[in-house]
Amino acid sequence: MMKWSALFAAAVCGPLLAGCMDDLSAGSVAGPRLSDEQTAQIEDGRAIAEGNCAACHAIGSQGDSPNPLAPRFRLLLSRYKADVLETELNEGMRVAHAPMPQFQFKPEATASLIAYLRSVQTRDPGLALVEQRCSRCHAIGATDTSPYPGAQPFRKLGQRWWRGQLRDALKTGIIVEHDTAEARVPPMKLNDAEIDALLAYLDSIATKENPAPKAP
Ligand code: HEC
Ligand code: HEC
């Protein structure tokens, strides 16, 4: 069966240039070989984000969100599937508990916005690590809830841990907590590179309200 995103691509690309289908089917993150159409689409998306979203969200590949509650765009697709977001933006996106205005975009504008979002996603080692090994239990984003109820959201770690203390605990293995939690987490030890990546990731999701673990 054809994926919904492929149908979507066909609908949007019909009237456009032949290269379009290849561009979209090429998949997620825009690679180094961008066609002119892709570049133009990403540029359109960036303009839309700048005009409509940048007042609250960090829309680029670095920086904090002006509204600390608004997730940074570069981390958005790590917990939000692109096709779900596409549907929501096309159907009129409304965010609960937020001062975020409701948006409804035309499919072509949505496709540009999604292409832009893909182009700024961070694939840093820390994000990859927490996605693969921690996100099954811990909330790893700016506003999400932990899938495993007893597991603390990572954004709250700075309220409970000094940086050096967390480093030591992860190096020795947070064995006790993970074992007693009935979560059946295998004893988990991280090496120095993994801990550096994790701490850098915690810095990247830090906000005024939820600061990252501080030195010492
Ligand atoms: C006036 C401020 C504001 C503007 C403008 C704004 N947002 Fe948001 N947005 C927020 C806030 C605040 C949240 C966090 C809501 C929450 O977690 O309750 C949010 C959350 C989101 C989320 C995550 C929703 C979720 O359920 O996790 C997405 C996706 C999003 N915004 C997309 C956009 C896009 C795309 C634009 C521009 C077209 C935009 N926002 C413009 C304030 C804004
Ligand atoms: C299978 C579920 C699961 C996975 C996977 C998991 N954790 Fe946990 N983690 C928990 C639970 C549950 C707790 C709470 C234990 C308690 O409070 O006794 C916890 C606690 C922690 C704590 C202590 C939090 C605090 O403030 O006391 C840290 C730090 C932590 N986990 C880091 C990690 C990291 C880093 C990963 C991935 C490399 C990870 N965890 C993967 C379930 C998990």
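Ser65 sits in the loop between helix H3 (36–52) and helix H4 (73–76). The model you are looking at is predicted, so start with a spot where you can follow single atoms. Is Ser65 buried or exposed? Its relative accessibility is 11%. The cut-off for buried is under 20%, so Ser65 counts as buried.

Now look at what surrounds this serine. A polar atom of the Ser65 side chain lies 3.0 Å from the backbone nitrogen of Ala58. The side chain of Ser65 also reaches the backbone oxygen of Ala70, at 2.7 Å. Leave out residues up to four places away in sequence, and Ser65 touches Cys56, His57, Ala58, Ala70, Pro71 and Arg72.

Move along the chain to helix H5, residues 82–91. Which of its residues are buried? They are Ala82, Leu85, Glu86, Leu89 and Asn90. Look down the axis of H5: these buried residues fall within an arc of 130°, so they line one face of the helix. After H5 comes Gly92, and its phi is positive, near 100°.

Next, the aromatic rings. How many aromatic pairs does the structure hold? It holds 1. The ring centres of Phe103 and Phe105 are 5.6 Å apart and the planes meet at 10°, so this pair is stacked. The cut-off for stacking is planes under 30 degrees apart. Phe103 is buried, with a relative accessible area of 14%. Phe105 is buried too, at 15%.

Turn to the nonpolar cores. In soluble globular proteins, nonpolar side chains tend to be buried together. Here the largest nonpolar core has 23 residues. Which of them touch the most other members? They are Val130, Phe154, Leu170, Leu198, Tyr201 and Leu202. The elements that give two or more residues to this core are helix H7 (125–133), helix H9 (163–172) and helix H11 (192–204). H11 supplies the largest share, 5 residues.

Pick out Leu202 in this core. Leaving aside residues up to four places away in sequence, Leu202 touches Phe154, Leu157, Leu166, Ala212 and Pro213. Apart from this core lies another, of 21 residues. Among its members are Ala82, Leu85, Tyr116 and Leu117. You have met Ala82 and Leu85 already, as buried residues of H5.

Now find Asn191. Its place is in the loop between helix H10 (175–180) and H11. Asn191 is partly exposed, with a relative accessible area of 42%. A polar atom of its side chain lies 3.2 Å from the backbone nitrogen of Ala193. Asn191 and Gly173 are 18 residues apart in sequence. In space they are 9.7 Å apart, C-alpha to C-alpha.

Finally, ask how far to trust the picture. The mean pLDDT of the protein chain is 78. Of its residues, 76% reach 70 or more. Which helix has the lowest mean pLDDT among the elements of the chain, and which the highest? Helix H2 (residues 19–25) has the lowest, 33. Helix H8 (residues 157–160) has the highest, 95. Over residues 1–31, pLDDT stays under 50. For that stretch the model has 27 contacts beyond four places in sequence. Where pLDDT is low, the predicted coordinates should not be read in detail.

Key: Residues are numbered from 1 along each chain as its sequence is written. Chains are lettered from A and ligands numbered from 1 in the order in which they are written. This is a predicted model: local features need pLDDT of at least 70, side-chain atom pairs count only at pLDDT 80 or more; totals for chains, interfaces and linings use all residues. Side-chain values use heavy atoms; hydrogens and water are left out. Rings of Phe, Tyr and Trp (its six-membered ring) pair if their centres lie within 6.5 Å; planes under 30 degrees apart count as stacked, over 60 as edge-to-face and the rest as tilted. Buried means under 20% relative accessible area, exposed over 50%, partly exposed in between (1.4 Å probe, protein chains only). Helices (H or I, at least four residues) and strands (E, at least two) are DSSP runs, numbered from the N terminus. The arc is that of the directions from the helix axis to the C-beta atoms. A nonpolar core is a set of buried Ala, Val, Leu, Ile, Met, Phe, Trp, Tyr and Cys residues joined through side-chain atoms within 4.5 Å. Contact means heavy atoms within 4.5 Å. pLDDT is the predictor's confidence in each residue, from 0 to 100. A polar contact is a pair of N or O atoms within 3.5 Å; within protein, one must be able to donate a hydrogen and the other to accept it, and residues adjacent in sequence count only if both atoms are side-chain atoms.
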